[in-house]
Amino acid sequence: MKKTIKMVDLKSQYNEIKDELWQEWEKVFDSMYLMLGPNMKSFEQEFAEYSGAKFGIGVDSGTAALFLALKSMGIGEGDAVLVPSFTFFATIEAVIETGALPIMIDIDENDFTVSVSKIREYFKNNSRLSDGFYVDKNSGRKIKGIIPVHLYGNPVDMKQIKEIAGEYNLKILEDCAQAHGAEFGGSKAGSMGDMGAFSFYFSKNLSALGEGGIILTDNEKYAEIARKLRVHGQSDKYTHEMVGYNSRLDELQAVILRLKLKRLEDWNNNRIKAAEYYNEKLKEFPLILPKKSNKGKHVYHLFVIRSEKRDELFKFLKENGVEVGIHYPIPSHLQPALDYLGYKKGSLPVTEKVSKEILTLPMHPHLKTEDIDYIYEVFKRFFG
Ligand SMILES: Cc1ncc(COP(=O)(O)O)c(C=O)c1O
(Lines give C-alpha, C1' and ligand atoms only; values in the text may rest on other atoms or scores of the structure.)
Protein backbone atom coordinates (compact mmCIF):
# COMPACT_ATOMS: atom_id res chain seq x y z
CA MET A 1 0.00 0.00 0.00
CA LYS A 2 1.32 3.45 -0.92
CA LYS A 3 2.36 5.54 2.07
CA THR A 4 3.61 9.11 2.42
CA ILE A 5 6.94 9.50 4.22
CA LYS A 6 7.68 13.09 5.07
CA MET A 7 11.11 14.69 4.84
CA VAL A 8 10.67 16.45 8.20
CA ASP A 9 7.99 16.15 10.88
CA LEU A 10 7.54 19.40 12.78
CA LYS A 11 4.15 18.44 14.18
CA SER A 12 5.58 15.60 16.29
CA GLN A 13 8.18 17.99 17.75
CA TYR A 14 5.45 20.48 18.52
CA ASN A 15 3.31 17.82 20.18
CA GLU A 16 6.17 16.98 22.56
CA ILE A 17 6.56 20.55 23.80
CA LYS A 18 3.00 21.84 23.34
CA ASP A 19 1.83 21.98 26.97
CA GLU A 20 4.94 23.66 28.34
CA LEU A 21 5.14 25.94 25.32
CA TRP A 22 1.74 27.53 25.86
CA GLN A 23 2.40 27.95 29.59
CA GLU A 24 5.67 29.74 28.87
CA TRP A 25 4.23 31.81 26.04
CA GLU A 26 1.42 32.91 28.36
CA LYS A 27 4.07 34.37 30.67
CA VAL A 28 5.65 36.25 27.77
CA PHE A 29 2.27 37.64 26.73
CA ASP A 30 1.53 38.65 30.33
CA SER A 31 4.78 40.61 30.56
CA MET A 32 4.84 41.71 26.89
CA TYR A 33 8.62 41.62 27.14
CA LEU A 34 9.09 40.57 23.52
CA MET A 35 12.70 41.37 22.60
CA LEU A 36 16.11 40.96 24.26
CA GLY A 37 14.29 39.53 27.26
CA PRO A 38 14.88 36.84 29.90
CA ASN A 39 14.19 33.86 27.62
CA MET A 40 16.68 34.99 24.99
CA LYS A 41 19.32 35.61 27.66
CA SER A 42 18.74 32.24 29.33
CA PHE A 43 18.75 30.46 25.99
CA GLU A 44 22.04 32.13 25.01
CA GLN A 45 23.63 30.80 28.19
CA GLU A 46 22.04 27.36 27.96
CA PHE A 47 23.01 26.83 24.33
CA ALA A 48 26.56 28.15 24.85
CA GLU A 49 26.96 25.81 27.82
CA TYR A 50 25.53 22.85 25.91
CA SER A 51 27.96 23.50 23.03
CA GLY A 52 30.97 24.20 25.24
CA ALA A 53 31.42 27.89 24.40
CA LYS A 54 31.64 30.88 26.73
CA PHE A 55 29.31 33.34 25.02
CA GLY A 56 26.12 33.08 22.97
CA ILE A 57 24.56 35.92 21.02
CA GLY A 58 21.03 35.26 19.78
CA VAL A 59 20.20 36.69 16.36
CA ASP A 60 17.35 36.42 13.88
CA SER A 61 18.77 33.87 11.38
CA GLY A 62 21.74 31.68 10.56
CA THR A 63 22.67 34.00 7.70
CA ALA A 64 22.78 36.94 10.12
CA ALA A 65 24.86 34.84 12.54
CA LEU A 66 27.47 34.18 9.83
CA PHE A 67 27.49 37.78 8.64
CA LEU A 68 27.68 39.38 12.09
CA ALA A 69 30.36 36.93 13.23
CA LEU A 70 32.56 37.86 10.25
CA LYS A 71 31.97 41.56 10.96
CA SER A 72 32.82 41.04 14.65
CA MET A 73 36.18 39.55 13.68
CA GLY A 74 36.87 42.61 11.53
CA ILE A 75 36.53 40.85 8.17
CA GLY A 76 35.28 43.05 5.31
CA GLU A 77 36.40 45.15 2.33
CA GLY A 78 39.81 44.19 0.95
CA ASP A 79 39.70 40.73 2.56
CA ALA A 80 39.06 37.21 1.29
CA VAL A 81 37.59 34.17 3.05
CA LEU A 82 38.00 30.50 2.09
CA VAL A 83 34.71 28.62 1.83
CA PRO A 84 33.48 25.39 0.29
CA SER A 85 31.25 25.91 -2.73
CA PHE A 86 29.31 22.82 -1.65
CA THR A 87 27.08 24.45 0.98
CA PHE A 88 23.82 26.33 1.22
CA PHE A 89 24.25 29.65 -0.61
CA ALA A 90 23.94 31.68 2.64
CA THR A 91 27.53 30.78 3.62
CA ILE A 92 28.80 32.55 0.52
CA GLU A 93 26.29 35.42 0.76
CA ALA A 94 27.41 36.27 4.29
CA VAL A 95 31.01 36.70 3.09
CA ILE A 96 29.97 38.86 0.14
CA GLU A 97 27.69 41.01 2.33
CA THR A 98 30.71 42.01 4.47
CA GLY A 99 32.50 43.23 1.34
CA ALA A 100 34.97 40.33 1.44
CA LEU A 101 35.61 37.94 -1.44
CA PRO A 102 34.64 34.25 -1.12
CA ILE A 103 37.35 31.97 -2.45
CA MET A 104 35.63 28.68 -3.13
CA ILE A 105 37.46 25.42 -2.48
CA ASP A 106 36.57 21.90 -3.57
CA ILE A 107 35.42 19.19 -1.17
CA ASP A 108 36.58 15.79 -0.05
CA GLU A 109 34.56 13.21 -1.97
CA ASN A 110 34.28 10.92 1.06
CA ASP A 111 32.46 13.20 3.44
CA PHE A 112 31.53 16.33 1.44
CA THR A 113 33.51 18.66 3.73
CA VAL A 114 36.09 21.18 2.53
CA SER A 115 39.24 19.49 1.23
CA VAL A 116 42.28 20.14 3.38
CA SER A 117 44.66 19.13 0.60
CA LYS A 118 42.97 21.58 -1.80
CA ILE A 119 43.37 24.37 0.77
CA ARG A 120 47.08 23.59 1.03
CA GLU A 121 47.38 23.52 -2.76
CA TYR A 122 45.70 26.93 -2.92
CA PHE A 123 48.19 28.45 -0.46
CA LYS A 124 51.17 27.04 -2.38
CA ASN A 125 50.28 29.41 -5.21
CA ASN A 126 49.96 32.50 -3.03
CA SER A 127 52.48 34.37 -0.93
CA ARG A 128 52.69 35.89 2.53
CA LEU A 129 52.86 39.65 3.15
CA SER A 130 55.01 41.30 5.80
CA ASP A 131 51.94 41.71 8.08
CA GLY A 132 51.57 37.93 8.25
CA PHE A 133 48.55 37.58 5.95
CA TYR A 134 48.61 35.71 2.68
CA VAL A 135 47.42 37.55 -0.39
CA ASP A 136 45.23 36.08 -3.11
CA LYS A 137 47.27 36.74 -6.23
CA ASN A 138 44.25 37.04 -8.54
CA SER A 139 42.34 39.62 -6.53
CA GLY A 140 45.02 41.20 -4.34
CA ARG A 141 42.81 40.50 -1.29
CA LYS A 142 44.20 39.51 2.09
CA ILE A 143 43.05 36.07 3.12
CA LYS A 144 41.70 36.57 6.61
CA GLY A 145 39.44 33.65 7.35
CA ILE A 146 38.01 30.24 6.63
CA ILE A 147 34.47 28.92 7.04
CA PRO A 148 34.38 25.14 7.51
CA VAL A 149 30.79 23.94 7.04
CA HIS A 150 29.67 20.91 9.07
CA LEU A 151 27.45 19.88 6.19
CA TYR A 152 24.47 17.57 6.77
CA GLY A 153 25.49 17.35 10.47
CA ASN A 154 28.83 15.71 9.70
CA PRO A 155 31.68 17.42 11.56
CA VAL A 156 34.64 18.77 9.64
CA ASP A 157 38.08 17.54 10.77
CA MET A 158 38.70 20.60 12.94
CA LYS A 159 42.15 19.43 13.99
CA GLN A 160 43.36 19.87 10.44
CA ILE A 161 41.45 23.12 9.94
CA LYS A 162 43.03 24.54 13.10
CA GLU A 163 46.48 23.51 11.89
CA ILE A 164 45.88 25.27 8.58
CA ALA A 165 44.47 28.35 10.31
CA GLY A 166 47.58 28.52 12.49
CA GLU A 167 49.94 28.12 9.55
CA TYR A 168 48.21 30.64 7.30
CA ASN A 169 46.98 33.15 9.89
CA LEU A 170 43.25 32.62 9.40
CA LYS A 171 40.28 33.23 11.66
CA ILE A 172 37.90 30.26 11.79
CA LEU A 173 34.14 30.71 11.62
CA GLU A 174 32.35 27.35 11.86
CA ASP A 175 29.10 27.18 9.89
CA CYS A 176 27.07 24.99 12.24
CA ALA A 177 23.66 25.64 10.67
CA GLN A 178 23.24 21.89 10.13
CA ALA A 179 25.23 20.61 13.10
CA HIS A 180 23.67 21.37 16.50
CA GLY A 181 25.28 18.89 18.88
CA ALA A 182 27.71 17.40 16.33
CA GLU A 183 31.16 16.66 17.77
CA PHE A 184 34.73 16.36 16.61
CA GLY A 185 37.37 14.89 18.94
CA GLY A 186 34.98 15.30 21.87
CA SER A 187 34.24 19.01 21.23
CA LYS A 188 30.92 20.26 19.99
CA ALA A 189 30.38 22.17 16.76
CA GLY A 190 30.63 25.90 17.35
CA SER A 191 33.20 25.61 20.14
CA MET A 192 36.27 24.80 18.07
CA GLY A 193 36.81 27.86 15.85
CA ASP A 194 37.11 31.54 16.77
CA MET A 195 33.35 31.78 16.30
CA GLY A 196 30.46 29.50 15.38
CA ALA A 197 27.19 30.38 13.61
CA PHE A 198 23.95 28.38 13.96
CA SER A 199 20.58 28.57 12.23
CA PHE A 200 17.26 27.71 13.86
CA TYR A 201 15.35 27.59 10.56
CA PHE A 202 12.35 25.29 10.99
CA SER A 203 13.92 22.14 9.53
CA LYS A 204 17.16 22.25 11.53
CA ASN A 205 18.08 19.78 14.33
CA LEU A 206 17.25 22.57 16.78
CA SER A 207 14.58 24.74 15.25
CA ALA A 208 12.34 27.69 15.95
CA LEU A 209 8.79 28.00 14.67
CA GLY A 210 9.93 30.84 12.47
CA GLU A 211 13.46 32.21 12.07
CA GLY A 212 16.40 32.41 14.47
CA GLY A 213 20.13 31.96 14.87
CA ILE A 214 22.96 32.21 17.38
CA ILE A 215 26.65 33.09 17.38
CA LEU A 216 29.00 31.29 19.78
CA THR A 217 32.49 32.34 20.80
CA ASP A 218 34.98 32.22 23.67
CA ASN A 219 36.34 35.61 22.65
CA GLU A 220 34.90 38.33 24.87
CA LYS A 221 35.76 41.15 22.48
CA TYR A 222 34.07 39.48 19.51
CA ALA A 223 31.03 38.68 21.67
CA GLU A 224 30.72 42.29 22.74
CA ILE A 225 30.90 43.57 19.16
CA ALA A 226 28.36 40.98 17.94
CA ARG A 227 25.99 41.91 20.78
CA LYS A 228 26.13 45.54 19.70
CA LEU A 229 25.93 44.87 15.97
CA ARG A 230 22.67 42.89 16.33
CA VAL A 231 20.96 45.94 17.82
CA HIS A 232 22.00 48.96 15.75
CA GLY A 233 25.45 49.19 17.31
CA GLN A 234 23.90 50.28 20.62
CA SER A 235 25.81 50.08 23.88
CA ASP A 236 22.89 51.71 25.74
CA LYS A 237 19.49 52.68 24.52
CA TYR A 238 20.02 55.33 21.81
CA THR A 239 23.81 55.37 22.21
CA HIS A 240 25.15 53.98 18.95
CA GLU A 241 28.82 53.09 19.21
CA MET A 242 28.91 51.63 15.75
CA VAL A 243 26.67 51.31 12.73
CA GLY A 244 24.95 48.00 13.19
CA TYR A 245 21.87 46.04 12.10
CA ASN A 246 18.54 44.86 13.42
CA SER A 247 18.94 41.16 14.10
CA ARG A 248 17.35 40.12 17.39
CA LEU A 249 16.17 36.69 18.50
CA ASP A 250 12.65 37.29 19.80
CA GLU A 251 11.28 35.96 23.07
CA LEU A 252 8.63 33.69 21.55
CA GLN A 253 11.26 31.84 19.51
CA ALA A 254 13.63 31.74 22.50
CA VAL A 255 10.93 29.95 24.54
CA ILE A 256 10.59 27.28 21.84
CA LEU A 257 14.35 26.88 21.56
CA ARG A 258 14.77 26.46 25.32
CA LEU A 259 12.17 23.68 25.37
CA LYS A 260 13.59 21.94 22.32
CA LEU A 261 17.18 22.22 23.58
CA LYS A 262 16.23 19.96 26.50
CA ARG A 263 15.29 17.30 23.94
CA LEU A 264 18.11 17.86 21.44
CA GLU A 265 20.38 15.01 22.61
CA ASP A 266 17.51 12.51 22.48
CA TRP A 267 16.37 13.79 19.11
CA ASN A 268 19.92 13.63 17.70
CA ASN A 269 20.27 10.07 19.03
CA ASN A 270 17.02 9.16 17.27
CA ARG A 271 18.49 10.54 14.04
CA ILE A 272 21.68 8.50 14.55
CA LYS A 273 19.63 5.33 15.13
CA ALA A 274 17.56 6.01 12.02
CA ALA A 275 20.77 6.54 10.01
CA GLU A 276 22.18 3.23 11.28
CA TYR A 277 18.98 1.46 10.31
CA TYR A 278 19.01 3.07 6.85
CA ASN A 279 22.66 2.00 6.37
CA GLU A 280 21.82 -1.57 7.33
CA LYS A 281 18.79 -1.77 5.05
CA LEU A 282 20.19 0.05 2.02
CA LYS A 283 23.62 -1.62 1.92
CA GLU A 284 22.47 -4.23 -0.61
CA PHE A 285 21.84 -1.60 -3.30
CA PRO A 286 24.41 0.05 -5.61
CA LEU A 287 24.45 3.31 -3.65
CA ILE A 288 27.09 5.30 -1.80
CA LEU A 289 25.89 5.65 1.79
CA PRO A 290 26.96 8.49 4.15
CA LYS A 291 30.42 8.05 5.65
CA LYS A 292 30.73 8.37 9.40
CA SER A 293 33.93 9.87 10.77
CA ASN A 294 35.47 7.76 13.52
CA LYS A 295 36.68 10.92 15.26
CA GLY A 296 33.35 12.68 15.28
CA LYS A 297 29.65 12.52 16.02
CA HIS A 298 27.52 12.96 12.92
CA VAL A 299 24.05 14.23 13.88
CA TYR A 300 22.39 13.52 10.51
CA HIS A 301 20.63 16.79 9.89
CA LEU A 302 20.20 15.25 6.45
CA PHE A 303 20.63 11.66 5.28
CA VAL A 304 22.27 12.01 1.89
CA ILE A 305 23.09 9.09 -0.38
CA ARG A 306 24.73 9.04 -3.82
CA SER A 307 23.64 7.28 -6.97
CA GLU A 308 24.54 7.54 -10.64
CA LYS A 309 20.83 7.06 -11.29
CA ARG A 310 19.93 9.96 -9.00
CA ASP A 311 17.33 11.60 -11.25
CA GLU A 312 15.42 8.37 -11.95
CA LEU A 313 15.55 7.43 -8.27
CA PHE A 314 14.32 10.87 -7.23
CA LYS A 315 11.30 10.51 -9.52
CA PHE A 316 10.54 6.94 -8.50
CA LEU A 317 10.73 7.63 -4.76
CA LYS A 318 8.48 10.69 -5.15
CA GLU A 319 5.94 8.74 -7.21
CA ASN A 320 5.85 6.20 -4.40
CA GLY A 321 5.17 8.73 -1.65
CA VAL A 322 8.71 9.22 -0.33
CA GLU A 323 9.61 12.90 0.03
CA VAL A 324 13.14 13.44 -1.27
CA GLY A 325 15.37 16.44 -1.89
CA ILE A 326 18.69 17.52 -3.37
CA HIS A 327 21.02 19.53 -1.15
CA TYR A 328 22.18 21.22 -3.35
CA PRO A 329 21.66 20.74 -7.09
CA ILE A 330 23.69 23.75 -8.32
CA PRO A 331 27.02 24.36 -6.57
CA SER A 332 27.51 27.91 -5.27
CA HIS A 333 30.38 28.69 -7.67
CA LEU A 334 28.08 28.02 -10.65
CA GLN A 335 25.14 30.09 -9.38
CA PRO A 336 24.10 32.83 -11.82
CA ALA A 337 24.45 35.51 -9.11
CA LEU A 338 28.17 34.74 -8.89
CA ASP A 339 28.97 34.77 -12.63
CA TYR A 340 31.06 37.86 -12.02
CA LEU A 341 33.55 35.87 -9.92
CA GLY A 342 34.65 33.99 -13.04
CA TYR A 343 34.27 30.36 -11.91
CA LYS A 344 33.48 28.00 -14.76
CA LYS A 345 32.17 24.45 -15.15
CA GLY A 346 35.11 22.26 -14.21
CA SER A 347 36.54 24.76 -11.67
CA LEU A 348 35.67 22.48 -8.74
CA PRO A 349 35.28 18.98 -10.21
CA VAL A 350 34.45 16.99 -7.06
CA THR A 351 31.73 19.44 -6.01
CA GLU A 352 30.26 19.35 -9.50
CA LYS A 353 30.31 15.55 -9.74
CA VAL A 354 28.80 15.01 -6.31
CA SER A 355 26.03 17.55 -6.85
CA LYS A 356 24.75 15.43 -9.76
CA GLU A 357 24.60 12.26 -7.64
CA ILE A 358 23.31 13.31 -4.22
CA LEU A 359 19.84 12.50 -2.98
CA THR A 360 18.38 13.38 0.42
CA LEU A 361 16.07 10.83 2.05
CA PRO A 362 13.56 11.58 4.83
CA MET A 363 15.30 12.17 8.18
CA HIS A 364 13.90 13.47 11.44
CA PRO A 365 13.81 12.41 15.10
CA HIS A 366 10.37 10.83 14.80
CA LEU A 367 11.11 8.70 11.74
CA LYS A 368 10.02 5.11 12.43
CA THR A 369 11.69 1.86 11.44
CA GLU A 370 8.46 1.02 9.54
CA ASP A 371 8.98 4.18 7.47
CA ILE A 372 12.52 3.07 6.58
CA ASP A 373 11.20 -0.44 5.84
CA TYR A 374 8.74 1.11 3.42
CA ILE A 375 11.51 3.18 1.77
CA TYR A 376 13.61 0.00 1.50
CA GLU A 377 10.78 -1.74 -0.35
CA VAL A 378 10.57 1.15 -2.82
CA PHE A 379 14.34 0.91 -3.44
CA LYS A 380 13.97 -2.83 -3.94
CA ARG A 381 11.36 -2.28 -6.60
CA PHE A 382 13.51 0.36 -8.28
CA PHE A 383 16.59 -1.84 -8.48
CA GLY A 384 14.47 -4.87 -9.45
C1 LIG B 1 24.94 25.48 5.81
C2 LIG B 1 23.99 26.61 6.06
N3 LIG B 1 24.48 27.83 6.30
C4 LIG B 1 23.67 28.88 6.56
C5 LIG B 1 22.30 28.74 6.57
C6 LIG B 1 21.45 29.95 6.78
O7 LIG B 1 20.59 29.88 7.86
P8 LIG B 1 19.21 30.69 7.85
O9 LIG B 1 18.31 30.05 6.88
O10 LIG B 1 18.73 30.58 9.26
O11 LIG B 1 19.53 32.11 7.50
C12 LIG B 1 21.74 27.47 6.35
C13 LIG B 1 20.30 27.17 6.43
O14 LIG B 1 19.40 27.55 5.89
C15 LIG B 1 22.61 26.38 6.08
O16 LIG B 1 22.12 25.16 5.83
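Which residues of α8 are buried? In this predicted model, they are Glu251, Leu252, Gln253, Ala254, Val255, Ile256, Leu257 and Lys260. Helix α8 spans residues 251–261, and eight of its 11 residues are buried, so the helix is largely enclosed by the rest of the structure. Its buried residues pack against several elements. These are the helices α1 (10–31), α2 (38–51) and α9 (264–282), together with β1 (55–59).

Strand β10 covers residues 195–199 and is mostly covered, with five of its five residues buried. In a regular strand, side chains alternate between the two faces of the sheet. In β10, Met195, Ala197 and Ser199 point one way. Gly196 and Phe198 point the other way. Both sets are buried.

Two strands pair with β10. Strand β7 (residues 171–175) pairs with β10 in the parallel sense, over three bridges. Here glutamate 174 has glycine 196 of β10 as its bridge partner. Strand β11 (residues 213–217) runs antiparallel to β10, and five bridges join the two. On this side, phenylalanine 198 is bridged to isoleucine 214 of β11.

The largest nonpolar core contains 99 residues. Those with the most contacts inside this core are Ala65, Ala69, Leu70, Val81, Ala197 and Ile215. Helix α3 gives the most to the core, contributing seven residues. The core also draws on two domains, taking at least three residues from each of domain 1 (11–261) and domain 2 (264–383).

Isoleucine 215 illustrates the packing. Leaving aside residues up to four places away in sequence, isoleucine 215 touches Ile57, Val59, Ala65, Leu68, Ala69, Met195, Ala197 and Ala226. Two of these partners, Met195 and Ala197, point one way from β10 together with Ser199.

The ligand is surrounded by 14 residues. Ser61, Gly62, Thr63, Ala177 and Ser199 come nearest. One of these, Ser199, is a buried residue of β10. Two helices, α3 (62–72) and α4 (90–97), each supply at least two residues of the shell around the ligand. By residue type, the shell divides into eight polar, five nonpolar and one charged. Helix α3 thus appears in two settings: it supplies residues to the ligand shell, and it gives the most to the largest nonpolar core.

Definitions and conventions: Residues numbered from 1 in each chain as written. Predicted model: local features only at pLDDT ≥ 70, side-chain atom pairs only at ≥ 80, totals over all residues. Near = placed C-beta within 6 Å. Helix = DSSP H or I, 4+ residues; strand = E, 2+ residues; numbered from the N terminus. Nonpolar A, V, L, I, M, F, W, Y, C, P; charged D, E, K, R; others polar. Buried ≥ 20, exposed ≤ 12 C-beta atoms within 10 Å, placed from the backbone. Pairing = 2+ DSSP bridges. Core = buried A, V, L, I, M, F, W, Y, C linked by C-beta atoms within 7 Å. Domains from an automatic or database assignment. Contact = placed C-beta atoms within 7 Å.
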